[in-house]
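Biologist: Please go through the labels attached to this model with me. For each one I want the value, the cut-off and the conclusion.

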Amino acid sequence: MSRVTLDIGGHSYTVNCADGEEDHITALAAMIDEKYAQLGDARMPQEAQNMLFAALFLADELSEARKTAETTSQSAEHEMVRSGGKKAELRAEIETLTKSEARAREEIAALKSELAEMHEAASHQHDLFGAPSVSDDVIERLEALAKRAEETATALEGGDKAY
């Protein structure tokens, strides 16, 4: 246990403190002395009243610091919640886009398969002279397939959604 002498408001006070705490206690006493000095001409005749007012000044500062810290903490917490919501929103958008891309890829695979079937069917058709011929039905199906392929490509590129 150590003893330290503190000077506050022109008076000396000797107090006990833990070993190694002398500088900290002296710094706290300097803060009290600063607030005591703020009383100026408003000092009361009784020393206890002056110390009470110095303590009230310090308590007021502490209260304001706590309010500021609480407001800062609430603002930071609100920002974290807001940013967490934004992250969730972005994740949902990524999931939607990923599903759209998968559907578009499935559509492209189906179109390729259908095109291969049409090509195969067209290669087996011949006109009266034995030359390969393409029926109106095959032409219409190829045109429809081409249109679907274009729509799917546009959707993949971010244009109008075709599905």
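**Labels and cut-offs**

Biologist: Why is Leu-56 counted as partly exposed?

Modeller: The relative accessibility of Leu-56 is 46%. Buried means under 20% relative accessible area, exposed means over 50%, and partly exposed lies in between, with a 1.4 Å probe and protein chains only. The value of 46% therefore puts Leu-56 in the partly exposed class. Leu-56 sits in helix α2 (residues 47-123), and its C-alpha is 9.0 Å from that of Lys-35, 21 residues away along the chain.

Biologist: What kind of model is this, and which residues count?

Modeller: It is a predicted model, in which local features need pLDDT of at least 70 and side-chain atom pairs count only at pLDDT 80 or more, while totals for chains, interfaces and linings use all residues. Residues are numbered from 1 along each chain as its sequence is written, and side-chain values use heavy atoms, with hydrogens and water left out.

Biologist: How confident is the predictor, and where is confidence lowest and highest?

Modeller: The average pLDDT (the predictor's confidence in each residue, from 0 to 100) is 80, and 85% of the residues score at least 70. The lowest mean is 77, in α3, and the highest is 93, in strand β1 (residues 2-8).

Biologist: What makes up the secondary structure?

Modeller: There are three helices and two strands, in the order β-β-α-α-α along the sequence. Helices (H or I, at least four residues) and strands (E, at least two) are DSSP runs, numbered from the N terminus.

Biologist: How do you know that β1 and β2 pair?

Modeller: Two strands pair if DSSP finds at least two bridges between them. β1 and strand β2 (residues 11-17) have seven, in the antiparallel sense, so the condition is met. Asp-7 has Ser-12 as its bridge partner, and Ser-2 stands opposite Cys-17.

Biologist: Which side chains of β1 are buried, and which are not?

Modeller: They alternate along the strand. Ser-2, Val-4, Leu-6 and Ile-8 point to one face and are buried, whereas Arg-3, Thr-5 and Asp-7 point to the other and are not.

Biologist: Why does Gly-9 count as buried?

Modeller: Its relative accessibility is 19%, under the 20% limit, so Gly-9 is called buried. Gly-9 lies in the loop between β1 and β2, a hairpin with two residues between the strands, and has a positive phi near 60°. Not counting residues up to four places away in sequence, Gly-9 touches Asp-33 and Tyr-36; contact means heavy atoms within 4.5 Å. The C-alpha atoms of Gly-9 and Ala-37, 28 residues apart along the chain, are separated by 6.7 Å.

Biologist: What class does Tyr-13 of β2 fall in?

Modeller: At 27% relative accessibility, Tyr-13 lies between the two limits and is therefore partly exposed. Among the residues that Tyr-13 touches, leaving out those up to four places away in sequence, are Val-4, Leu-6, Glu-47 and Met-51.

Biologist: How does the span of α1 compare with the expected one?

Modeller: Helix α1 (residues 22-38) has 17 residues and reaches 25 Å from its first C-alpha to its last. The expected span is 1.5 Å times one less than the number of residues; for α1 this gives 24 Å, and the model is close to that. Gly-40, with a positive phi near 50°, follows α1.

Biologist: Why are the buried residues of α1 said to line one face?

Modeller: The buried residues are Ala-29, Lys-35 and Tyr-36. Seen down the axis they fall within an arc of 115°, so they line one face of the helix. The arc is that of the directions from the helix axis to the C-beta atoms.

Biologist: Is Thr-152 buried or exposed?

Modeller: Its relative accessible area is 4%, under 20%, so Thr-152 is buried. Thr-152 is in helix α3 (residues 136-156). Aside from neighbours within four places in sequence, Thr-152 is in contact with Ala-104, Glu-107, Ile-108 and Leu-111.

Biologist: How much of the whole protein is buried?

Modeller: Of its 163 residues, 13% count as buried.
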